[in-house]
There are 2 protein chains.
Amino acid sequence: MITLDYQSRTPIYEQIVNEIERYISLGILKAEEQLPSIREFAMTLGINPNTVKKAYEELERRGSITVISTKGTFVSKNIGGVSQRKIKETIEKIRDEIRELEKLGISKEEIIKKL
Amino acid sequence: MITLDYQSRTPIYEQIVNEIERYISLGILKAEEQLPSIREFAMTLGINPNTVKKAYEELERRGSITVISTKGTFVSKNIGGVSQRKIKETIEKIRDEIRELEKLGISKEEIIKKL
DNA sequence: ATATTTGTACTAGTACAGATAGTACAATGC
DNA sequence: GCATTGTACTATCTGTACTAGTACAAATAT
């Protein structure tokens with residue numbers, strides 16, 4: 001399901017956050033769908049439950065999922081925000097990089113040509 | 001000269017590497033120009049000399065600077081490669097991000113419009 | 001009723017990278 | 001001779017990520 005890169009500098013829990021949000025954006029995970037329990041997910045990934053817990057906490061803070069005690073963890077109802085946020089962030093990143101390239105003397109038109 | 005972000009997740013030594021290469025690319029640092037000595041630079045930035053040393057090692061490994069024992073540290077003769085590399089890397093990053101957005105159902109044309 | 005599963009909430013410990021602190025050495029240039 | 005350069009160590013501190021383990025309450029299934 002999710003593959004982890006232990007060499008990466010981004011922490012495991014953050015990789016989980018990113019992947020889950022990616023799946024939500026892509027429609028692989030649908031609204032109100034139940035996610036694996038902390039323990040089960042940890043087992044599958046071969047990591048410690050606390051790490052999954054931390055990822056779920058961050059995802060809940062962002063409003064991507066909803067945690068219901070003794071019931072389980074679920075993808076949020078209104079998912080639209082997740083992919084909207086992702087899109088916005090990505091566009092902003094691209095803009096920053098274009099700005100960097102412009103400083104190096106390359107025009108936006110030249111950049112677009114190369115894409 | 002260089003401003004460090006201690007909140008950032010990217011290590012100090014790497015921030016130094018990035019900034020120096022940026023300055024070289026921008027022409028602020030010119031070929032064969034002498035860089036501050038390890039000790040002096042460390043003093044200026046208020047950090048430990050070993051951290052500057054590590055940055056200089058990485059920069060030398062990349063061929064951006066040349067370290068001459070008991071003489072000092074200098075920007076490399078052929079600087080062209082530095083900004084060429086930076087440009088290539090940045091373009092590649094942008095391509096990756098466009099690919100991500102396309103997966104979310106946005107066409108390249110739409111993306112370019114928003115830039 | 002009992003057992004299982006859920007999330008929650010701790011504490012303690014390990015491992016690693018980044019950064020600091022300090023010392024010492026050899027070569028160069030004044 | 002003296003200051004400055006890079007080099008090369010070792011030891012230590014610190015924060016973060018992650019692991020390990022335990023315990024609890026609420027819901028659910030049998």
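The following dialogue concerns the predicted model shown above, its chain symmetry and its DNA surface.

Tutor: Because the model is predicted, local features need pLDDT of at least 70 and side-chain atom pairs count only at pLDDT 80 or more, while totals for chains, interfaces and linings use all residues. Residues are numbered from 1 along each chain as its sequence is written, chains are lettered from A and ligands numbered from 1 in the order in which they are written, and side-chain values use heavy atoms, leaving out hydrogens and water.

Student: What makes the relation of chain A to chain B that of a two-fold axis?

Tutor: With copies superposed by least squares on the C-alpha atoms of residues with pLDDT of at least 70 in both, a rotation of 180 degrees with 0.0 Å of shift along its axis brings chain A onto chain B at an RMSD of 0.1 Å. That is the relation of a two-fold axis, and Ile94(A) is the residue of chain A that comes closest to the rotation axis, its C-alpha lying at 2.9 Å.

Student: Why is the pair of Asn48(A) and DNA strand D called a polar contact?

Tutor: A polar contact is a pair of N or O atoms within 3.5 Å (within protein, one must be able to donate a hydrogen and the other to accept it, and residues adjacent in sequence count only if both atoms are side-chain atoms). A polar backbone atom of Asn48(A) is 3.1 Å from a phosphate oxygen of DNA strand D, so the pair meets the definition.
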